[in-house]
Amino acid sequence: MVHQVLYRALVSSKWLAESVRAGKVGPGLRVLDASWYSPGTREARKEYLERHVPGASFFDIEECRDTASPYEMMLPSEEGFADYVGRLGISNDTHVVVYDGDNLGTFYAPRVWWMFRVFGHRTVSVLNGGFRNWLKEGHPVTSEPSRPEPAIFKATLDRSLLKTYEQVLENLQSKRFQLVDSRSQGRYLGTEPEPDAVGLESGHIRGSVNMPFMHFLTEDGFEKSPEELRAMFQAKKVDLSQPLIATCRKGVTACHIALAAYLCGKPDVAVYDGSWCEWFRRAPPETRVSQGKDRKA
């Protein structure tokens, strides 16, 4: 295994608050609010406009995706991503810090962290503890929208960090990659429904291991220590020295697995972007496992 110097995946609220206070938010440091909530619960953009980290821009995950895909949150094209983040004032030389306002501490931010990495950008970090702890620690907020000067961003897709349906299907035979599912145990087993889903039953890909993403976070919403994370992977018999694919429902919480492994020194976890949303609709029935209704999904 080649050891490489990994860019810090997490920054603290204290570090970011000092950077804000020192006026460092600009072309060299951009902050993104990547909040998203289920329809009918909270309104992410409205909350951003009410209060956010000073200088932060709103990253709309609904806009920065492949809107032509029948699946839920598929990656945009290289050109689409480059254009979107360029309009947020991000260049290839920018350090990007991502957070969200979820009550858990972090939910969607790791997806955006992974999106930057899969498009070739390494200087990206997640705000440890999220906006929840930014507020709890009493750091400043503003309602003033940021208006960054547009920048030029060149995106280069790193296919080693992305897996397609065909690749995951082939892996069922070759077993070259371990497959880890980040959804809750009930959804993985098929005993609880997929929330806000029409025509999508719960269950999992045959051979996948379940590691619910919430367990990577402390009760206070921070990432657990690398030692704790390593112990969690070991308990599930997931070998971090071997290739790994992360999956979930739509490729979002799978990125928590990629982040947790990165914090353990493994930067090469691939995410199956289509995840269960695609698998359920395309895969052979015998590859879909569910305990719900005593049958395969």
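This briefing describes how the two domains of one chain meet in a predicted model.

The chain is divided into domain 1 (10–137) and domain 2 (162–289), with bounds that come from an automatic or database domain assignment. Residues are numbered from 1 along each chain as its sequence is written, and side-chain values use heavy atoms, with hydrogens and water left out. Because the model is predicted, local features need pLDDT of at least 70 and side-chain atom pairs count only at pLDDT 80 or more, whereas totals for chains, interfaces and linings use all residues.

**Extent of the domain interface**

- The C-alpha centres of domain 1 and domain 2 lie 22 Å apart, and 26 residues of domain 1 are in contact with 30 residues of domain 2, where contact means heavy atoms within 4.5 Å.
- About 2500 Å² is buried between the domains, with carbon and sulfur atoms giving 62% of that area; buried area is the accessible area (1.4 Å probe) that two parts lose on being put together, summed over both.
- Tyr71, Glu72 and Trp114 supply 25% of the area that domain 1 buries against domain 2, more than any other three residues.

**Polar and charged links**

- Between domain 1 and domain 2 there are three salt bridges, a salt bridge being a side-chain nitrogen of Lys or Arg within 4 Å of a carboxyl oxygen of Asp or Glu; the structure as a whole holds 19.
- Lys136 forms a salt bridge with Asp220, and their closest N and O atoms are 4.0 Å apart.
- Asp273 forms a salt bridge with Arg111, with the closest N and O atoms 2.8 Å apart; this pair links distant parts of the chain, since Asp273 lies in the loop between strand E11 (270–272) and helix H10 (275–282), while Arg111 lies in helix H4, 162 residues apart.
- The two domains also share 11 residue pairs in polar contact, both residues at pLDDT 80 or more; a polar contact is a pair of N or O atoms within 3.5 Å, where within protein one must be able to donate a hydrogen and the other to accept it, and residues adjacent in sequence count only if both atoms are side-chain atoms.

**The domain 1 side**

- Helix H4 (109–118) and helix H5 (130–136) each supply at least two residues of the side of domain 1 that touches domain 2, and H4 gives the most, with six residues; helices (H or I, at least four residues) and strands (E, at least two) are DSSP runs, numbered from the N terminus.
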